Amino acid sequence: MKDLPKKTHKALEKSIGNTANFGARKARSIVPVASGDLKAGISSNVKSKSGEIFGFINFYDGDNDNGLAANSINYGWGPMEFGYNFRREVKGMVADRHRRTVQRNLNKAIKEAMNG
């Protein structure tokens, strides 16, 4: 990643950001609650560090005990292992799209490098 042209790196960063935003929108649409901290806490962001790009879909953005409610809705609570697992569903929705867009950007960079 560090050796990619700046143009390609920027395109990948934008692509990963778009995919993370897409995932956050999908998560908010399928979350099993109509409102509240869980739904309001779903967001996305992208961080670049040392030539690496990280896209995140955040399922809770608070720092208090309401995070326990968010996790219990998704995974279940205590001995009850029931949960909605919407995080896993969102991952499945995002994975193929993400793979295709990253591959498209890398192929474009390779083609441009070959053509000089």
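Helices are DSSP runs of H or I, at least four residues long, numbered from the N terminus. In this predicted model, helix α4 spans residues 86–115 and includes H98. Helix α1 covers residues 6–30.

Contacts of H98 and T19 were examined next. H98 is partly exposed, because its relative accessibility of 29% falls between the limits of 20% and 50%. Beyond its neighbours within four places in sequence, H98 is in contact with I16 and T19. The C-alpha atom of H98 lies 9.1 Å from that of N18, although 80 residues separate H98 and N18 along the chain. T19 belongs to helix α1. T19 is buried, at 3% relative accessibility. With residues up to four places away in sequence set aside, T19 touches V94, R97, H98 and T101. One of these partners, R97, also meets an aromatic ring. The charged end of R97 sits over the ring of F22, at 4.3 Å from the ring centre.

F22 is also part of the largest nonpolar core. This core has ten residues in all: F22, A24, A27, V31, L38, I42, F59, F86, V90 and V94. Helices α1 and α4 each supply at least two residues of the core. V94, a core member, is among the residues touched by T19. I42 is another core residue. Leaving out residues up to four places away in sequence, I42 touches A24, A27, R28, V31, N58, F59 and F86. The contacts of I42 thus include R28 and N58.

A hairpin is formed by strands β1 and β2. Strand β1 runs over residues 43–49 and strand β2 over residues 52–58. The two strands pair in the antiparallel sense, over seven bridges. Among the bridged residues, S44 has I57 of β2 as its partner. Two residues lie between the strands of the hairpin. S50 takes a positive phi there, near 55°.

One aromatic pair is present in the structure. It joins F54 and F56, whose ring centres are 6.4 Å apart. The ring planes meet at 25°, so the pair is stacked. The cut-off for stacking is under 30 degrees. Both rings belong to partly exposed residues: F54 has a relative accessibility of 35%, and F56 has a relative accessible area of 33%.

Charged side chains were then considered. Side chains of opposite charge can pair when their charged atoms come close. A search of the whole structure finds two salt bridges. In one, K7 pairs with E112, and the closest N and O atoms are 3.6 Å apart. K7 lies in helix α1 and E112 in helix α4, so this salt bridge ties together parts that are 105 residues apart in sequence. K7 is exposed, with a relative accessible area of 56%. E112 is partly exposed, at 35%.

R99 and D96 form a salt bridge as well, with their closest N and O atoms 4.0 Å apart. R99 and D96 are three residues apart in helix α4, and therefore about one helical turn separates them. R99 is exposed, with a relative accessible area of 51%. D96 is partly exposed, at 43%.

Conventions: Residues are numbered from 1 along each chain as its sequence is written. This is a predicted model: local features need pLDDT of at least 70, side-chain atom pairs count only at pLDDT 80 or more; totals for chains, interfaces and linings use all residues. Side-chain values use heavy atoms; hydrogens and water are left out. Rings of Phe, Tyr and Trp (its six-membered ring) pair if their centres lie within 6.5 Å; planes under 30 degrees apart count as stacked, over 60 as edge-to-face and the rest as tilted. Buried means under 20% relative accessible area, exposed over 50%, partly exposed in between (1.4 Å probe, protein chains only). A charge sits over a ring if NZ of Lys or CZ of Arg is within 6 Å of the ring centre and within 35 degrees of the ring normal. Contact means heavy atoms within 4.5 Å. Two strands pair if DSSP finds at least two bridges between them. A nonpolar core is a set of buried Ala, Val, Leu, Ile, Met, Phe, Trp, Tyr and Cys residues joined through side-chain atoms within 4.5 Å. A salt bridge is a side-chain nitrogen of Lys or Arg within 4 Å of a carboxyl oxygen of Asp or Glu.
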